[in-house]
Each structure stands twice: as structure tokens, then as C-alpha cells.
Amino acid sequence: MSNLRNAPFSQNEANVSTLSLDMLLALSPAVAFGCVLFGWRVLLVVGISIVSALFFELLGGWIARRPSDLRDGTAAVTGLIVSLLLPASVPLFVPVLACAFGIFLVKLPFGGSGHNLFNPAAAGLAFVTECFSHHVFAYPAREAVIPFTLRTPEVNVAASPAGLLKTGGSTAFSWYELLIGQVTGPIGTVAILVLVACAVYLFVRRGAAPLLTVSCLAACAVIAALFPRSADITWYESILFELCSGYLVFGAIFMLNDPVTSPRHPLAHVMYGVAVGVLTMLMRHFGQFEEGFCFALLLCNAVSGVFDRFAWQLLRPRRQRRKEREV
Amino acid sequence: MSVTYPQYALSFPSEKEPAASLPTLELCRMPKLLLPLTDENGQPRTPLCELYDTVAPGQTLTDGARPLYAPVTGVFAAVQTIDDVEYMEIDALALAGEEPAPANVFTLSPDEIVAACKAAHVVDELDGADLADKLAAIAESDAALLVADAVDDQPFGSAGLATLRQFGAFCADGLMLAAKAAGIDDYHVLLRAETDTYKEIEATLPKGRLVRDRHDIYPHKVSKKGKPAATVGVQACLALYRACAFGEHHGFATVTVAGNAVSLPANVRLPFGTPLSEVFSLCGLVDEPDKYVLGDSFTGKAVDTDALPILPGVTCVLALKKEKSPAVHACIGCGRCAAVCHKHLLPYEIARRVENLQFTKLPSLSPADCDGCNACAVVCPANRPVADLVKQGIEESGRVLIGWGVHDYE
């Protein structure tokens, strides 16, 4: 009776494809807002990035003689996240290279989706950050008009809030400009309020774990309050500037919540989020670049299983007590 | 009494309709007979016997020019109105199957109840265990509450609800007997139903004995002020009542017949041993089924023949037609299986250790605590057979593989 599958015979509606679809839906307002802020070239960057991610997934499957299923949507999510972390005026080879590195060298060699040790989007972005930092951190100035062109547009470059903090100056932006995204920065990460709304959608759909996001941001806020990077800002201004600059909020919502590379246990979620937050702030203080979230995330990816095991060991006495009560 | 669920328990769409709202079909007893109280010439007949009298075959039931005679043995159950174009609106005498007078069950001592239960071989439909053994175990435990469970917490089954609707008062009496035998003062019937059905059933039960659970959540647990509560099946309560009142052997069950290949999903009252083919021919199949399932869709067992009998412990049978089986992906590590597990296990971790043949790592994950509720496999977004791997983990736990002689495994 080999054709008889074992129980269960009904399945929850949520499956891998709907989880990815939720992620894409939650990211689409960020794309739309990017178009409003930076012009139509955003669509070009996003489109090229997603198409190249899908292409490399197919190519990798063909080389390895292993059928690649694009319907699970993980490759599309990787491509979209990569593109949203780049400036709107970026040369188009940058997202292509980032997707190639992330999918071809980081995801597929470990066995494809579900088996990858490191977040492919973070790895791809880390790669282009190291190789082309002059392109990745060249954010167009607010008043610059970005033409819809395949070539790299010539636009005025301005420092982003994260860049200003890195050079020790206080940011020139007010708090509401930071929250509604009237600042220079990557395509999808500047509109903090839009991102928070997307996060609420993901939390409700259980596509993301609130504990991960909140613990990461809380750790960053504590460090920002204790060690402001500029002498002439108060502690609460420091928290606001640190959280709203770079792609910390975006990463804490969309990259930290990659289920494959993050731990599973709620307690491990808290420890992992705090670790990523602390490492991000260390990278910002002492690192080479203005934003270090993807490096912090990759470092913690490598040990996310350890967090899980540690949480399981830590809760052993509680499990024991509960078991005794039930018998 | 409170009903509790794991924090991230499995919530699912109910598939109970239309079986849950239809009357129970009877495969086991003579159907009700209707004898018109108006003869062919329109002359009225007056019943000669009292309500609830038992009548013998051939007995004269009415006076009049053309009197009625009882065709079989039965009980004069009611006067019922037939409304039809041909007959017009006429009264009829309803003759039900014969029912002996019940013994007074309220004066029985706990020992007598247990003895009757043992003699009748009452089986609890919740877990297939012998009810007498179960009651003895409950009497020794520190349970403060006895619950007759009619929740049917899986998608298709509604046999508990149907049993209560048909025999509500008898089930409540049976629960009272079970509580007496187990030495528990506090007892309730727990039910999941729509408001109308709930009110209808509430009216037939003793006051304050029915508790309603409003959620479609699996699995559920009942407790009283933090202390655990003991549960027995509502059909077992009915069987216990009939064992004590009539000395009747536990021979019948109410079974939900459903699934997407069944044309009329219904609850069927049938004797044990009825083959699946009988119930499916009663309820009709719209399609050639791919498989039959003994049990509900979360925990049932698939079989490919309808010659198998329905035995104690089964309250639901399904006929499912072929559907494209969902694609199985690699574990994406979402942790939902661990969140729904009411035994607080890590199903994904146990499954990974089993797949990697790391059996020595299994004992610390205590797979033996698994009670086979299958919630992890239902919730898995990658459609992986997590529950099967955990079951394999129970067997393999602690086994050491020596050398390369693992020929059983691919």
C-alpha cells in the first residue's frame, strides 16, 4: 500500500509559497514608497534584481541537475530584499552580482532553500558592500532627479543619516523626516512608518516573529542611549537617529525573520535578536562602513543553532516541572 | 471548568457540515412505523392502547370500521401528523422499536456500576480503552472533575454532537454514573456547537451540566483551577447508562461518515462490525475514492479496502478522492511544529536527528512523550511528514549504529 500517505489528510493553508507571498506582499509598500521618493528607476533596479535572482536559481539547479522550484518564492524574496537595500541610482550590475553571490555561492551549495546556513540576501549585500562600497553607499541627494535609464545616472550624492553619524556629526534631519522617509538612503528602508505597518501585517499573518524584531531593536536602542556617537545630541535623539538610519529597521523586520537561518525557540529568538543588535552597533561604532547590519546578521547566522540548543538546555528544569505536574 | 489550548495551538476550518446538522441515520434498529388514524373512507380511528404501551404482533390497535393491527412488536411512541397532497393532513400512530423498561440507575452503588460496566464491555471511544479500567484509574488519580467529551476537535467528526442530540439525557445519566463510580462530585458535558444546536441540547440535559467550547482549535485540554480533569467519551457514557439500565452489551456506535467523495455526509448509528462498504453505500459515493480513512483526517489511518469493519474506538470514517498531493519542501525552520506541540517537544529537531541517523541524540529530546496528535504534521508549511519521523524516533531512540552496516536505510 505504498500509495497511502499516513495521517494527516488535511493540511493547514499556510505553506512555503504562501509564506513567501506574504513576505512579497509586505515588501511591496516599500517598493511603492521607493518609487514615490526616488522615481521610476526604482522599478528597474527591483525588476533586474528579482529576475537575476530567479535566473541564478534556475541556472544553479540546471548545473547541479536538480529541479529548482521557483514557486516556493524564496529566490524572488532574496532578489527583492537585495534591491531594496541599494540606492536608486546604483549601477545595474551591482544587484545582479549581489544576487549571483547570494544564490549561487551562499544558498545553492548548501542544498538550496531550507538548507542554507546564511541569509542569501545579507550575503549578497555584504559581498557588494565589500567590493563596491563607493556604489552601495552613494545615495542620491533628496532634490536630485534620477532619470529612468539603464546606464548609471549622474546624480548629486549626499550623506545619509547613517553616514553623518559615522563621521561624528549630528544628523541634519528632523524626527518626522526620519519617520516618513524624507531622507537620503536606500530604496526601501527610509520610510520607517511604512515598514512598521508592513511588520504589523507580517506579525498578524505569523510570517515573522515579533520577539526577534523587538529584541534586536531594543538592544540597539539601549546601546544608542548609553553611547551616543555625537557629543551634541541627547540620549533620546541618539536612539531615534541610530534606529532610523541605515537599514536597521528594515533588516530587523525582513532579514532577521528569515525562518531558515534564525533560531526556532522563542527564548533563542530573544538572545539571537540581542546578539545581532549588539553586533550591529559594534560594527557601526568600530567598523569600516556606515552600516554593518548584514555583517552582524551573517555572523549570528553561523551560530543560530547554538542559540536554540542553549535555550533548550536553559528551559530543562521548567520542562521537568511541567512534566511532573501533568502525570 | 476551563478549556485550555497550547499557546500557538492549531486552529483550522471546520468540515463538520452538513453531517453535524443532519439527523442521525439508523442502521441498527427497526425504523419507526407510521399507521394512519384515518381509514381509506375518511373514517377516524381511535387508539385503544395507552402511550408507551408495548404491543404484540397482530394486536388490535384501534377501533373503527377498519381497525389497525400491529404488524410487529413495538412501542406506541407518539401521535404524529402526516402532511401530504394525497393523504391531506391526517394523524398517524407512530410505532417505535420495542424498548424494555429501564431499571432505576440512581440507586446503584459504585461497585454495581463498575460491575455492570465490566459485564457490558464498555469501550471509551476517545482512546479505545476499557471504560471500567479507565474509571478505576481515574478514581486513583487526583482528578477533581469528570468531563464527558463531545468536542470532536478534529475537522470532520461530529459524532459526539450527534450522540448528544439523539440521546442527551441518557448521556448525562451515564456521566453521572461514571462520576459516581470514579468518586468525583463535579461532572460536566463539554460540547462544541452552533448556538441553536447548543440551546436545543441544553434543554434536554440537567441544568448547568453542559459547557460550551466556542473554538475550532486542536488539541484541547480541560482542567479545573489548574488541576487536571479526567475525560470520558460521551458515547461511552451512553453505553454505561444502557449497561446499568437494561444490562445491554456495548454494541453500537455513532460514526460520522464524511469526506470529499461522500455524497451525503451523515452521522450513522450502527452495530460494531459493520463493514465500511455498508456505511458508504448508505451515504453514497460521488466519486471513486482514492482511499478510505478509519478515524478523522488529523489522526486517522488510511486503508485501501472498504471490507474492513468498524470496531470500538472509531467515531469517524472518511472516503477521500484523489487530490494532487502537496509538494514536500525541505524544512524551512519556521518552528511552527514546536509551537503547536502540546507536549512541548521539538518535532523539527527530532525529525532532523532521525533523518541524519543520529539516534544517540534522541533520548535527550524525549520523543517518547509524543501522544500522536499529529498537529505538527498538519501545521507544517513544507508538508513534511514530521509526525511519522517522530514516531520513528520513538523506536530508534538511543540505538547505536555501528560501522557502515546501515543497509536498511537508503
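This is a conversation about reading selected features of a predicted two-chain model.

Trainee: What ground rules should I keep in mind here?

Mentor: The model is predicted, with local features needing pLDDT of at least 70 and side-chain atom pairs counting only at pLDDT 80 or more, while totals for chains, interfaces and linings use all residues. Residues are numbered from 1 along each chain as its sequence is written, chains are lettered from A and ligands numbered from 1 in the order in which they are written, and side-chain values use heavy atoms, with hydrogens and water left out.

Trainee: OK, helices. What span should helix 9 of chain A have, going by its residues?

Mentor: Helices here are DSSP runs of H or I with at least four residues, strands are E runs of at least two, and both are numbered from the N terminus. The expected span is 1.5 Å times one less than the number of residues. Helix 9 (residues 192-204) of chain A has 13 residues, so it should span 18 Å, and its end C-alpha atoms are indeed 18 Å apart.

Trainee: And which residues of helix 9 of chain A are buried?

Mentor: Buried means under 20% relative accessible area, exposed means over 50%, and partly exposed is in between (1.4 Å probe, protein chains only). In helix 9 of chain A the buried ones are A:Ile192, A:Leu195, A:Cys198, A:Ala199 and A:Leu202. They cover an arc of only 120 degrees around the axis, which puts them on the same side of helix 9 of chain A; the arc is taken from the directions from the helix axis to the C-beta atoms. As for partners, contact means heavy atoms within 4.5 Å, and these buried residues pack against helix 1 (16-38), helix 8 (175-180), helix 11 (235-244) and helix 12 (248-255) of chain A.

Trainee: What does the backbone do just after helix 9 of chain A?

Mentor: There A:Arg206 takes a positive phi of about 60 degrees, in a residue other than glycine. A:Arg206 sits in the loop between helix 9 and helix 10 (210-226) of chain A, and at a relative accessible area of 40% it is partly exposed. Over in chain B, B:Leu357 also has a positive phi, near 60 degrees. Its loop runs between helix 8 (347-355) and helix 9 (375-379) of chain B.

Trainee: While we're on backbone angles, which peptide bonds are cis?

Mentor: Among them is the bond from B:Glu17 to B:Pro18, with omega near 0 degrees. B:Pro18 is in the loop between strand 2 (10-11) and strand 3 (25-26) of chain B. Another cis bond joins B:Tyr218 and B:Pro219, with omega about -10 degrees, and B:Pro219 is in the loop between strand 11 (217-218) and strand 12 (221-224) of chain B.

Trainee: Now charges. How many salt bridges are there over all chains?

Mentor: Side chains of opposite charge can pair when their charged atoms come close. The rule asks for a side-chain nitrogen of Lys or Arg within 4 Å of a carboxyl oxygen of Asp or Glu, and the count comes to 17 over all chains. One of them pairs A:Asp22 with A:Arg205 at 3.1 Å, N to O. That pair links distant parts of the chain, with A:Asp22 in helix 1 and A:Arg205 in the loop between helix 9 and helix 10 of chain A, 183 residues apart. A:Asp22 is buried at 5% relative accessible area, whereas A:Arg205 is partly exposed at 45%.

Trainee: Which residues are linked in a network of salt bridges?

Mentor: A:Arg229, A:Glu242, A:Arg284 and A:Glu291. Within that group, the side chains of A:Glu291 and A:Arg284 meet at 2.7 Å, N to O, and both residues are buried.

Trainee: Last one: what makes the nonpolar surface patch?

Mentor: Patch residues have over 30% relative accessible area and no salt bridge; like charges are joined within 9 Å, nonpolar side chains (Val, Leu, Ile, Met, Phe, Trp, Tyr) within 5 Å. Areas come from the Shrake-Rupley method with a 1.4 Å probe, and for residues only the protein chains shown count as cover. Here A:Leu211, A:Val270, A:Val274, A:Val278, A:Leu282 and A:Phe286 make a patch of about 490 Å². Helix 13 (residues 266-286) of chain A gives the most, with 5 residues. A:Phe286 is found in that helix and counts as exposed at 68% relative accessibility.
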